[in-house]
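Take a slow look around the fold before you read on. We'll go through it piece by piece, starting with charged side chains and ending on the surface.

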Amino acid sequence: GKNEQVFNEAVEALHHGMHLCVMPEGNHGNQRKLRPLQKGIFRMAFRAQEKYGKTPMVKIVPVGIDYTEYVYSGYSAIVDYGKPIDVSEYVDSYNEDPAIAINAIKKRLVNELSSLIINVQSTEHYDAIYQSVLLSNHTICRLLNQKLTKLNLFDIRKDIANKLCAAEKNNDPIINKLENQMLLTPLLEA
């Protein structure tokens, strides 16, 4: 019921050159996956952009956050910024059909955010895939006989998660092997 008031305040802040931090998923959880984005962020962005027409002014900056510990404080986090999305690029489409424009900018934001996080979209094999991602930290450091930076390891974890999710989509039998193996392996934290 307070959406309209919040949207108006957000638009007013943007018109005064302020920045907003909006969590576009509208919720949170302890799984490493991008949840469906809500349309509020896009409604605010287009409403703020209306004042400027096609002049570039309002931008949505994708930000990925990865944390080593979800429940406890004092652990490390990685904040990764993507390329800003210029809302003015979608003004003509929005004026023609707001739903099409919102879906287009939403799809772009989903793609940008997905590249900035560990995004395990699996439901059936989530635990096996994510445990494999965690185990990769320890295995890679041991194999290379060196310590990698947190950013290097984060990039490796993202890559492994993406490859395993692709393998699952392609019905690769490796996923079932991982599932069976993970039943025998305790979850290791990064």
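In what kind of contact do the side chains of Arg35 and Glu25 meet? They meet in a salt bridge, at 3.7 Å from N to O. Keep in mind as you look that this is a predicted model.

**Charged pairs**

Here's the basic idea: side chains of opposite charge can pair when their charged atoms come close. A search of the whole structure turns up ten salt bridges. Three of them, with their N to O distances, are set out here.

| Salt bridge | Distance (N to O) |
|---|---|
| Arg35 and Glu25 | 3.7 Å |
| Arg157 and Asp66 | 3.1 Å |
| Asp159 and Lys163 | 3.1 Å |

Start with the pair from the opening question, Arg35 and Glu25, joined by a salt bridge. Arg35 and Glu25 each sit in the loop between helix 1 and helix 2, so their pair ties together parts that are ten residues apart in sequence. Are Arg35 and Glu25 buried or exposed? Both of them are buried.

Next come Arg157 and Asp66, whose side chains also meet in a salt bridge. Arg157 belongs to helix 6 (residues 150-169) and Asp66 to strand 2, so this pair ties together parts that are 91 residues apart in sequence. Arg157 and Asp66 are both buried. They have a partner, too: Arg32 is linked with Asp66 and Arg157 in a network of salt bridges.

Now for Asp159 and Lys163, another salt bridge. This time the two residues share helix 6, and because they are four residues apart there, about one helical turn separates them. How covered are they? Asp159 is partly exposed, at 37% relative accessibility, while Lys163 counts as exposed, at 54%. The cut-off for "exposed" is over 50%, so Lys163 passes it with its 54% and Asp159 does not with its 37%.

**Helix 2 and its neighbours**

Let's move to helix 2, which spans residues 40-49. How many of its ten residues are buried? Eight of them are, so you can think of this helix as mostly covered. Among the buried ones are Gly40, Ile41, Phe42 and Met44, and Phe46 belongs to that set as well. What do these buried residues pack against? Their neighbours are helix 1 (3-15), strand 1 (59-60), helix 3 (91-96) and helix 4 (98-114).

**Rings that pair up**

The structure has two aromatic pairs. In one, Phe46 and Tyr94 are stacked, with 4.2 Å centre to centre and 10 degrees between the planes. Phe46 is in helix 2 and Tyr94 is in helix 3, so the pair ties together parts that are 48 residues apart in sequence. Phe46 and Tyr94 are both buried.

The other pair is Tyr126 with Tyr130, also stacked, at 5.9 Å centre to centre and 20 degrees between the planes. Where do Tyr126 and Tyr130 lie? Both are in helix 5 (residues 126-144), four residues apart, which is about one turn of the helix. Tyr126 and Tyr130 are buried as well.

**Out on the surface**

Finally, look for a nonpolar surface patch of about 570 Å². Its makers are Met23, Val61, Val63, Ile65, Val79 and Tyr81. Strand 2 (63-67) and strand 3 (77-81) are the elements that give two or more residues to the patch. Try finding Val79, which sits in strand 3. Val79 is partly exposed, with a relative accessible area of 46%.

Notes. Residues are numbered from 1 along each chain as its sequence is written. This is a predicted model: local features need pLDDT of at least 70, side-chain atom pairs count only at pLDDT 80 or more; totals for chains, interfaces and linings use all residues. Side-chain values use heavy atoms; hydrogens and water are left out. Buried means under 20% relative accessible area, exposed over 50%, partly exposed in between (1.4 Å probe, protein chains only). Contact means heavy atoms within 4.5 Å. Rings of Phe, Tyr and Trp (its six-membered ring) pair if their centres lie within 6.5 Å; planes under 30 degrees apart count as stacked, over 60 as edge-to-face and the rest as tilted. Patches are made of residues with over 30% relative accessible area and no salt bridge: like charges are joined within 9 Å, nonpolar side chains (Val, Leu, Ile, Met, Phe, Trp, Tyr) within 5 Å. Accessible areas come from the Shrake-Rupley method with a 1.4 Å probe; for residues, only the protein chains shown count as cover. A salt bridge is a side-chain nitrogen of Lys or Arg within 4 Å of a carboxyl oxygen of Asp or Glu.
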